[in-house]
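Biologist: I am new to this structure and would be grateful for a close look at a single part of it. Please set out the overall arrangement before turning to that part.

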Amino acid sequence: MAIHGPTLPRLSRLEMIAHAVAAGDREACGLVGYDRHGSVARVYCLSNVHADPDKFLLDPAEHFATIQAAEAKGWAIGAVFHSHPFGPPYPSPTDLTAPLDPHWISFIVSPTSDGWQVTAFSIRDGGCTELGVGEKTTQSLP
Ligand SMILES: [Zn+2]
């Protein structure tokens, strides 16, 4: 499988941010499909079914359907994203203990004083490495 890089197309970043904004005080979450060249093919915005608004759990049925939809196009899921509506812009202790797949990139969407940012991390073995910060998006979103 191609190595998935932290590079996010602008539209993909905006899709994650819009999903995060729409979720309000709750964490928003989703998956990222990559094409066979390792480029982002599509962002899938999923429902967060965790009872705790400060945690996330991908809706299991949507999770399964997303994997099937991506594989049907010859893509692979290579990243998960979720938001921290009140920060911080890095993984929480909970995020570090339970990565969905240690080979995936974890994108965290969080607000900053001058816009929303999406930061990429590799989470494995109880720790994380920051892979890069996407450029900030300063246009106003509802
Ligand atoms: Zn988190």
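**From the whole protein to one serine**

Modeller: This is a predicted model, and its secondary structure amounts to 3 helices and 6 strands. Along the sequence, these elements follow the pattern α-β-β-α-β-α-β-β-β. The protein has 142 residues, of which 35% count as buried. Among its contacts with a separation of 6 or more, 58% are between residues 24 or more positions apart.

The interior may be described next. The largest nonpolar core comprises 31 residues, and those with the most contacts inside it are M16, A20, V32, A79, F81, F107 and V109. Two or more residues of this core come from each of helix 1 (10-22), strand 1 (29-34), strand 2 (40-46), strand 3 (76-83), strand 4 (105-112) and strand 5 (115-124). Strand 5 gives the most, with 5 residues.

The part chosen for the close look is S122, which lies in strand 5. Is S122 buried or exposed? The answer falls between the two: S122 is partly exposed, because 17 other C-beta atoms lie within 10 Å, whereas a buried residue has 20 or more and an exposed one 12 or fewer.

The surroundings of S122 complete the picture. Leaving aside neighbours within four places in sequence, S122 is in contact with I105, C128, T129 and L131. As for F107, one of the residues with the most contacts inside the core, its C-alpha is 8.8 Å from that of S122, and the two residues are 15 apart in sequence.

Methods:
Residues are numbered from 1 along each chain as its sequence is written. This is a predicted model: local features need pLDDT of at least 70, side-chain atom pairs count only at pLDDT 80 or more; totals for chains, interfaces and linings use all residues. Helices (H or I, at least four residues) and strands (E, at least two) are DSSP runs, numbered from the N terminus. Two residues are in contact if their C-beta atoms, placed from the backbone, lie within 7 Å. A nonpolar core is a set of buried Ala, Val, Leu, Ile, Met, Phe, Trp, Tyr and Cys residues joined through C-beta atoms within 7 Å.
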